[in-house]
Every structure is written in C-alpha cells, then in structure tokens.
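Subject: Structure handover

Hi,

Here is the structure for you to look through. My notes on it follow below.

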Amino acid sequence: MENTLIFTSEKEVRFGKLLKFIIPTYLTSLFNTVYTIIDGIFVSAYVGTDALASINIVYPIVNVLTGIALVFATGGSAVAALHIGGNRKAEADRSFSVSTVAAILLGCLISLLVLANLSAILSLLGATDITIAGCITYARWWLLAAPVVIGKELFTYFIRVDGAPTYSFLTALSGGILNIILDYVLVGRMHMGIYGAAMATILGLVLSFTMGIYYFIRKHKYLSFTLRNLSLHEAIHCMINGASEFVDQLAIAITTIVFNRTALSFAGEDGVAVVSIIMYLQFLFIGVYFGFSMGMAPVLSYAYGDRKISICRKLEGYAHRFFIAAPIIIYALTYFLAPAGVSCFTDKSSPVFSLAVSGMRIYGLGFLFSGINIYAAVRMMAYGKGYFSGLITFLRSFALLLLFLAVLPRIFGLAGVWLAVPVAEALTLLVSVWFLRPIQPQKGKVVP
C-alpha cells in the first residue's frame, strides 16, 4: 500500500507531514457539524425558535442512529488500520466489510422499531402540543434514510484509513455545500419549514454516501469490500473497540432529554431553544478536539500495528503540545464570540439571546478539559483498547454529567444546568491522565 502516513522510522515523523492527515480530518468533522448547524440557523430564522426546539427534541433519535454508525466506523476503522500497519490485507478487508454490514442492518432494525412507536417516543423525549408536528416530520426523514445516514459515516472513516483523508473531506464538503444550498432554497425561499430542512440534510447525506460508494468501487487503495469469512465475532470485536462513540451518542441522547426538561422547568420553551443553540455552537469547538484526535488515530494505529512504539510516542508528543495550548485559545474564543454565535440563531432583543450567551460562557468552561478527555479516549481506541475508551466517555458524557445535572440546578438554578458539563469534564480529566501514560510494547498479536 502506498501511504505516506505509514512511517518506517521515528526520524520520518514530521508535524507538517502529519498535518496533511489531521487538517482534512478536522475539516471533515467541521462539515459534518455544518449539516446540523445550517438547519438550525435557517429554521430559527425562517420558522422560529419553537421549530428549532422541535429539531432539538428529535436529536436523541439522530444520536442513536449516529451512535450505531460511529461504533462500527471508529472501532472497525481502528482495527482495520492496525491490520494495515501489520500488512494483513485480508483481515483489514474483513474488518471493513463486517462493520459496514453489521452497522447498516442494525441501524435499519432500530429505525423500524422507532417508526412503529414514533409518537409515543417523541412524547417521552419532551415533545409538546406546540412541537409534536415538527418533531414527527423531522424524525421520519432521518429514520427512513437510516442506511444512508449510517453508510455515510462509515465511508468517511474507512476512506480516511484507506489513506485518502482529502477525499474523505471532499465527501463531507460536497454534502455540506449541497445542504446549505438546499436549506436556502427549500427553507429560505420556498418556506418549506422543518420539512425542507430535513430534506436538505438528507439529500446532502445522500451525495456524500454516493461519493463513498464510488470511492470503494473505483478509487480505493487498500481496503476492498468482501462477503467472505465474515463472522459475528469480528463484528463484536469492532463494536467493542468503538464502544466509546456509541456511549457518547447514547449519552448525548439521554442528557439532551435531561437538559431539555430541566431548562423547560426554568425557562419554558425558551429554555429548550437555549439548549439547542448551545448544543449547536459547542459542536464547532468540540470539533477541533475531535478532528485533531481522529486525524491522529489512524497514524497511531498504523505504527502500533507495525510495532513501531517509538513512532507512537513521538506522535503523542505532538498531541500533548497541542492540548496544552488549544483549550485556552478555544475557551477565549468561546467567551468573546458567544454573542456573535448566538445572534446567528436568534435576535438580540429576544430573551433567548441573553440566556444563551450567558449559558454558553459557563458551558464553555468545559472546553478547558474536554480536549484531553476526547484525545485520551480516541488514543486508546486507536490502540485497539476500546474498553478503556468507553470508560472515559461513560464518565464524561453520562455518569458524571447526569449526576451534576441532578445536583447543580438545585443549587444554582439555570446556571447549574450549564455548569454541569465543566464539572463533569474536570473530574473525568483525573481519570484520563492515567490513560495518557506512555504506551508499552505488546507481546503476541496486536489485534485479536
């Protein structure tokens, strides 16, 4: 395989060379976020904040679909990268193929179950008489398009691992641009509301999905799809290795419900709209950490799969320096740019505006700690130790967050809702530091 990111010695490792992998990965993460944010901006501007709240209520369902995709996309691609580093093509092909088949089948099954009970599930998620119609419209589009939603995520990760991060970025860029154009046409000009926003998003995903299929038919470098010797054991192995991403998406789904209900109790529908805006904006900042970490992951896996531990340690040195500086810069941007970011979603005269700005500045304190937590989780997954990655993610995104969402609002009111994330991230950091110890050489097989 001709891949400039498989370093043969420590002397070959250069940050400039590494950036060729990291930058497209970050931009891919950014444009994946664009799908969500652009919908929010157009819906809020042309339909209203109640419609924005409807989209936010549906997002736990979207998180479940995304979680199914990511558990196999991240876990399976990391396992495939370990095999590529060790020059085990047949095993890499099986990891790619079984992840694709298992994710799409499981996603379709879950979607059918949700569709059969959609109204009841939306009511459980917090839909009210004001928001239920918009929720049903938005949810149906995502559920019916489950194979495309899941397939697009899978292709993005496996194309990157196949040594084509720029093409992976282009799939996200093309879909993102189409989404923006269609949002302008369908929501802004044709006034199709939530229906138009959902259609724009799904058609953008269809374009990215189609480009992914084309890549693996005509342009692939190493990975090939196969139905030979696929096993349930291999599917479970890939799933366990990517468990942290499913935990993260499931946790987002559950905590979004708690966020919505808690904010609703303090500020009504305006509170839910504020949650929506903060969630949209935090994706932009978290995306920096996630993009950098996921950009590093295949390169770490290549080296670890080839037993080049000295290369792994040099790569990690670059990551450590990045995560010393980046959190300070990102929180400063969060604090000073919060008014500009919130103004994209609501008018400055609206009560939602002041609530969202103050909330974003408190919530953003979590960015001082979350980068290291995200990197620690992705790093362990890259080394095929997804169970440790799952522990970190479970703490920061679920257990500690739910604990502080239950406790802090009782003490600090609405400010306690936003403070829950920084406190959960700070405590998780104490665990993450343990998993940042230098990696040790493994005896025997690197990948079971």
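Arg307 lies in the loop between α10 (243–305) and α11. Its phi is near 65°, a positive value in a residue other than glycine. Arg307 is partly exposed, because its relative accessible area of 45% falls between the 20% and 50% cut-offs. Please keep in mind that this is a predicted model.

A second loop residue has a positive phi. His191 is not a glycine, yet its phi is about 55°. His191 is found in the loop between α7 (165–189) and α8 (193–219). With a relative accessibility of 58%, His191 counts as exposed, because the cut-off for that class is over 50%.

One more loop position is on my list. Ser350 lies between α11 (309–343) and α12 (351–363). Is Ser350 buried or exposed? Ser350 is buried, at 19% relative accessible area. The label holds because buried means under 20%. The side chain of Ser350 also has a polar atom 3.1 Å from the backbone nitrogen of Val352.

Overall picture

The chain has 15 helices and 0 strands. It has 448 residues, and a compact globule with that number would have a radius of gyration near 22 Å. The chain comes out at 21 Å, which agrees. Along the principal axes, the C-alpha atoms fill a box of roughly 60 × 40 × 35 Å.

Buried residues make up 59% of the 448 residues. For contacts with a separation of 6 or more, 83% are between residues 24 or more positions apart. The accessible surface of the chain comes to about 17,400 Å². Carbon and sulfur atoms account for 68% of that surface.

On charge, the chain has 30 positive and 20 negative side chains. The centres of the two sets lie 10 Å apart.

Inside the helices

Start with Glu425, in helix α15 (residues 414–432). Glu425 counts as buried at 4% relative accessibility. Which side chain does the Glu425 side chain join in a polar contact? The partner is Arg396, and the contact is 2.8 Å. Leaving out residues up to four places away in sequence, Glu425 touches Gly366, Phe369, Ser370, Asn373 and Arg396. So Arg396 appears both in the polar contact and in the list of residues touched, and a polar contact is within 3.5 Å while contact in general is within 4.5 Å.

Thr156 lies in helix α6 (residues 146–161). Thr156 is buried as well, at 2% relative accessibility. Which residues does Thr156 contact, leaving aside neighbours within four places in sequence? They are Thr28, Ser168 and Thr171. Thr334 is another matter: the C-alpha atoms of Thr156 and Thr334 are separated by 28 Å, with their positions 178 residues apart along the chain.

Leu18 is in helix α1 (residues 15–46). Leu18 is buried, with a relative accessible area of 0%. Leu18 and Val299 are 281 residues apart along the chain. Their C-alpha atoms are separated by 8.3 Å.

Ile213 is in helix α8. Ile213 is partly exposed, at 34% relative accessible area. Lys152 is 61 residues from Ile213 in sequence. In space the two are 9.0 Å apart, C-alpha to C-alpha.

Ala340 is in helix α11. Ala340 is partly exposed, at 45% relative accessible area. How far apart in space are Ala340 and Tyr280? C-alpha to C-alpha, they are 13 Å apart, and in sequence they are 60 residues apart.

Where to look

If you open the model, these are the places from my notes:

- Positive phi outside glycine: Arg307 and His191.
- Buried helix residues, including Glu425, Thr156 and Leu18.
- Partly exposed helix residues, including Ile213 and Ala340.
- The polar contact between the side chains of Glu425 and Arg396.
- The side chain of Ser350 and the backbone nitrogen of Val352.

Best wishes

Notes
Residues are numbered from 1 along each chain as its sequence is written. This is a predicted model: local features need pLDDT of at least 70, side-chain atom pairs count only at pLDDT 80 or more; totals for chains, interfaces and linings use all residues. Side-chain values use heavy atoms; hydrogens and water are left out. Helices (H or I, at least four residues) and strands (E, at least two) are DSSP runs, numbered from the N terminus. Buried means under 20% relative accessible area, exposed over 50%, partly exposed in between (1.4 Å probe, protein chains only). A polar contact is a pair of N or O atoms within 3.5 Å; within protein, one must be able to donate a hydrogen and the other to accept it, and residues adjacent in sequence count only if both atoms are side-chain atoms. The radius of gyration is taken over C-alpha atoms; the globule rule is 2.2 Å times the number of residues to the power 0.38. Accessible areas come from the Shrake-Rupley method with a 1.4 Å probe; for residues, only the protein chains shown count as cover. Lys and Arg count as positive and Asp and Glu as negative; His and the chain ends are not counted. The place of a charge is taken as NZ of Lys, CZ of Arg, CG of Asp or CD of Glu.
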